[in-house]
Amino acid sequence: MGRTAIHLHAVVQHGGKIELDAPPGMQEGDKLEVVLLADDRATVGPPARSILDILDSLPCNIGMFKSAEEADAYLRNERDSWGQ
């Protein structure tokens, strides 16, 4: 059994709801596969976070350094402590 592509347009309603009317010829119980294609300007998924926000959220505090010099000093101290 083949497939037929049917293009419908919808607008996201209050509360994020999308309502589609079945095209002519469709009957109750007919099975459909719905694929959503959002406009390029639509935001899909959570808003993007900056890399600094992501690093700051890590449990290892890798984002705690405000400069390369601070990171180098931290790594130097860590390496020095290995020999003790």
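Ile 6 is found in the segment before helix H1, the helix that spans residues 51-57, and this residue makes a useful starting point for reading the structure, which is a predicted model. At 44% relative accessibility, Ile 6 counts as partly exposed, because that category covers values between 20% and 50%. Ile 6 belongs to a nonpolar patch on the surface, and it is also among the residues closest to the centre of the largest pocket.

**The chain as a whole**

- The protein chain has two helices, while the number of strands is zero.
- Of the 84 residues in the protein chain, 4% count as buried, a label that is given to residues under 20% relative accessible area.
- The area that the protein chain exposes comes to about 8500 Å², and carbon and sulfur atoms supply 55% of that area.

**The largest pocket**

- The volume of the largest pocket is about 1300 Å³, and of the 30 residues that line this pocket, the closest to its centre are Ile 6, Leu 8, Glu 33, Val 34 and Val 35.
- When the lining residues of the largest pocket are divided by type, 20 are nonpolar, four are polar and six are charged.

**The nonpolar surface patch**

- The patch on the surface is formed by Ile 6, Leu 8, Val 12, Ile 18, Leu 20, Leu 32, Val 34 and Leu 36, and together these nonpolar residues have about 770 Å² of accessible area.
- Ile 6 can take part in such a patch because its relative accessibility of 44% meets the requirement of over 30% relative accessible area.

**The salt bridge**

- The structure holds one salt bridge, which is formed by Glu 33 and Arg 3, with the closest N and O atoms 2.8 Å apart.
- This pair links distant parts of the chain, since Glu 33 and Arg 3 are 30 residues apart, although each of them lies in the segment before H1.
- Glu 33 is exposed because its relative accessible area is 55%, and Arg 3 is likewise exposed because its relative accessible area is 73%; the cut-off for this label is over 50%.

**Leu 55 in helix H1**

- Leu 55 lies in helix H1, and with a relative accessibility of 26% this residue counts as partly exposed.
- Leu 55 and Phe 65 are 10 residues apart along the chain, and their C-alpha atoms are separated by 9.9 Å.

Methods: Residues numbered from 1 in each chain as written. Predicted model: local features only at pLDDT ≥ 70, side-chain atom pairs only at ≥ 80, totals over all residues. Heavy atoms only, no water. 1 Å grid on protein atoms, 1.4 Å probe; cavity = no way out; pocket = protein on both sides within 12 Å on 5 of 7 lines; lining within 4 Å. Points joined across faces, edges and corners; volume = space filled by probe spheres on them. Nonpolar A, V, L, I, M, F, W, Y, C, P; charged D, E, K, R; others polar. Patch = residues over 30% accessible without salt bridge, like charges linked within 9 Å, V, L, I, M, F, W, Y side chains within 5 Å. Areas by Shrake-Rupley, 256 points an atom, 1.4 Å probe, with all protein chains shown as cover. Salt bridge = Lys/Arg side-chain N within 4 Å of Asp/Glu carboxyl O. Helix = DSSP H or I, 4+ residues; strand = E, 2+ residues; numbered from the N terminus. Buried < 20%, exposed > 50% of the residue type's maximum accessible area, 1.4 Å probe, protein only.
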